[in-house]
Amino acid sequence: MLGPSGHQDTFARDNLPPFEQWPEIKLEGFDYPEWMNAGVELTDRMVERGFGDNTALIGNGRRRTYKELSDWTNRIARALTEDYGLKPGNRVLIRSANNPAMVACWLAATKAGAVVVNTMPMLRTGELAKIIDKAEISIALCDTRLMDELVACAKESRFLKQVIGFDGTANHDAELDRAALNKPVRFESVKTGRDDVALLGFTSGSTGVPKATMHFHRDILIIADAYAKEVLSVTPDDVFVGSPPLAFTFGLGGLAVFPLRFGAAATLLEQATPPKMIEIIETYKATISFTAPTAYRAMLAAMDAGADLSSLRIAVSAGETLPGPVFDEWVRKTGKPILDGIGATEMLHIFISNRLGDSKPASTGKPLTGYEAIVVDDDMNEVPRGTIGKLAVKGPIGCRYLADDRQKDYVRDGWNLTGDSFVEDEDGYFHFAARSDDMIVSAGYNIAGPEVEAALLKHDAVLECAVIGASDEARGTIVEAHVVLAKGFEASELLVKILQDHVKAVIAPYKYPRSVVFTDALPKTESGKIQRFRLKQKPPA
């Protein structure tokens, strides 16, 4: 079933789920050579095809052409294999904000046959340690501005042996850069199989032991050849901009894979706030934007103040459902489409989307070519159109968790169950209803309530707490913490701020509770289980 492998370190293939637990993989129309390397396809191959002088990456005050990116990644790949002993199949963690150097490190490690794990700069030592242990990561590449957390990990880790600094600015003044600059620009990239694992995507909302989704070299090209080609019709004249971290597969696709696959340019922002995105759109005449509805609301407000977004030909919205009023206002003010879609880390990228000339307000759209979607009940029976049920999907990419019993929950009868509740209307458009579980989706981030609760409980002031998602006009949903205080502490605005800062210091800051409600007691069952649904039913105290 699987093609040949170029990996010396067989950890990834050894830890794929048993074949009987895989979803059905539909590869019709997605034909790639038995041996292929996605890093080569997005760099050297583009130079061979005549794109060498085209701008590939823009960031930190510099433009880099495809030829420069090809040479840069070849040098880094040489340094990794010759100076640091990287072997094909070894896992490599990358820690950085969105910048060209991070993309170069990802592509170089991929060329060298590594299995890459991209991580967000906001993750703390404890969160990184879980990822390192799960994937048995021995080498980490880290922006030198973010070294502390990883160095602390390495001191305690059984697996992490090398933390190598790279320069995330444009100066090339760090250990990896200096090693790479001494290397030739030619590199014999590792002959990897199309079915070799190239990427481990850790799901952003996992509690406990994190879930790692396993994606092959072919999968990286499939998301471009499916979604980006069919829905976005990318051309070499396009300039991409967006806010999602490259550590999220939504960001890696939209800000690296899609532009590089078609000879276009990607602009990369370390701090991708709406004002910064507007500045980049105006400066570089960006044509395709990737961000969440929250940011589009802010961009619409900025247009009223004179912002010029006229260069955009497509706005892509994902991460949370796009409200109908935002869709309507965007189309009215810009005259351009805003395309809602849904993807999943398990599926690597978007699999249902609106299209140019075929979009519907408050709809997620229709499945991409090569994908199927149905709405089912708990017994996997398809429900009538117009009925809420669980979304089930299959296509050329599907869920493969790294050594995880939760594989059996995500895949049933060959279908991927995304954890979302949907309705399919009479015209075949899919409409998001809600998350099927208690995951909080806020401004495009999946946030697990129990993880926030665990962070709060580490503070002396917190006796008990329960975290829920609460409605918010600006962000759709926010994290709201209901807190019972320990003896000797009194509710105050200052204590709210102290608890919020405490959570930011313990886990990734975006997970902090934007609302803190102090209460005398939490609603519980007779067995003592907190009834979070009752907290959602009543207004904050």
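# Exercises on a predicted model

About 40 Å³ of space lies in the largest cavity. The model is predicted. Work through each task, then check the solution.

## Exercise 1: The cavity

Find which residues line the largest cavity, and sort the lining by class and by element.

Solution.

Step 1. Count first. The structure has 1 cavity of 30 Å³ or more.

Step 2. List the lining. The residues are Asn118, Leu199, Leu200, Gly201, Leu246, Ala247, Phe248, Thr249 and Leu252.

Step 3. Sort by class. The lining has 6 nonpolar and 3 polar residues, and no charged ones. Gly counts as polar here, and Gly201 is in the lining.

Step 4. Sort by element. Strand 7 and helix 10 (249-261) each give at least two residues to this lining. The largest share, 3 residues, comes from strand 7.

## Exercise 2: A lysine with two partners

Which side chains form salt bridges with Lys183, and where do the partners lie?

Solution.

Step 1. Take Glu82. The side chains of Lys183 and Glu82 form a salt bridge, with 3.0 Å from N to O. The cut-off is 4 Å, so this pair qualifies.

Step 2. Place that pair. Lys183 lies in the loop between helix 8 (175-181) and strand 7 (197-202), and Glu82 lies in helix 4 (residues 66-82), so the bridge ties together parts that are 101 residues apart in sequence.

Step 3. Take Asp83. The side chains of Asp83 and Lys183 also meet in a salt bridge, at 2.8 Å from N to O. Asp83 sits in the loop between helix 4 and strand 3 (91-95), and this pair is 100 residues apart.

Step 4. Check exposure. Lys183 has 14% relative accessibility. Buried means under 20%, so Lys183 counts as buried. Glu82, at 45%, is partly exposed. Asp83, at 41%, is partly exposed as well.

Step 5. Widen the view. Salt bridges with shared partners join Arg78, Glu82, Asp83 and Lys183 into one network. Across the structure, the count comes to 33 salt bridges.

## Exercise 3: A pair around strand 17

Describe the salt bridge between Lys390 and Asp378, and decide for each residue: buried, partly exposed or exposed?

Solution.

Step 1. Read the distance. The side chains of Lys390 and Asp378 meet at 3.1 Å, N to O.

Step 2. Place the residues. Lys390 is in strand 17 (residues 389-394). Asp378 is in the loop between strand 16 (372-376) and strand 17. The two residues are 12 apart along the chain.

Step 3. Apply the cut-offs. Lys390 has a relative accessible area of 32%, so Lys390 is partly exposed. Exposed means over 50%. Asp378 reaches 53%, so Asp378 counts as exposed.

## Exercise 4: The open sheet

What is the strand order of the open sheet of 9 strands, and which strands are at the edges?

Solution.

Step 1. Write the order. The sheet runs 2-1-10-9-11-12-13-14-15, with mixed pairing.

Step 2. Find the edges. Strand 2 (62-65) and strand 15 (366-367) are the edge strands, and each pairs on one side only.

Step 3. Look at strand 12 (residues 314-317). Strand 12 runs parallel to strand 13 (residues 338-343), and 3 bridges join them. Ser317 has Asp340 in strand 13 as its bridge partner.

## Exercise 5: Strand 9 and its neighbours

Follow strand 9 (residues 239-242): which way do its residues point, and how many bridges join strand 9 to strand 10 and to strand 11?

Solution.

Step 1. Split the strand by direction. Val239 and Val241 point one way, and Phe240 and Gly242 point the other way. All of them are buried.

Step 2. Turn to strand 10 (residues 265-267). Strand 9 pairs with strand 10 in the parallel sense over 2 bridges. Phe240 stands opposite Ala266.

Step 3. Trace the link. The chain goes from strand 9 through helix 10 to strand 10, and this β-α-β crossover is right-handed.

Step 4. Turn to strand 11 (residues 288-291). Strand 9 and strand 11 run parallel, with 3 bridges between them. Val241 has Ser289 as its partner in strand 11.

## Exercise 6: The place of Glu156

In which helix is Glu156 found, and is Glu156 buried or exposed?

Solution.

Step 1. Locate the residue. Glu156 belongs to helix 7 (residues 147-156).

Step 2. Read the accessibility. The relative accessible area is 69%, so Glu156 is exposed.

Step 3. Add a distance. The C-alpha atoms of Glu156 and Ala129 are 8.7 Å apart, and 27 residues separate the two along the chain.

Notes: Residues are numbered from 1 along each chain as its sequence is written. This is a predicted model: local features need pLDDT of at least 70, side-chain atom pairs count only at pLDDT 80 or more; totals for chains, interfaces and linings use all residues. Side-chain values use heavy atoms; hydrogens and water are left out. Helices (H or I, at least four residues) and strands (E, at least two) are DSSP runs, numbered from the N terminus. Buried means under 20% relative accessible area, exposed over 50%, partly exposed in between (1.4 Å probe, protein chains only). On a 1 Å grid over the protein atoms alone, a cavity is a set of points where a 1.4 Å probe fits but cannot get out, and a pocket is an open set with protein on both sides within 12 Å along at least five of seven lines; lining residues have an atom within 4 Å of a point. Grid points are joined across faces, edges and corners, and a volume is the space filled by probe spheres set on the points. Two strands pair if DSSP finds at least two bridges between them. A crossover is right-handed if, with the strands pointing away from the viewer, the path from the first strand over the helix to the second runs clockwise.
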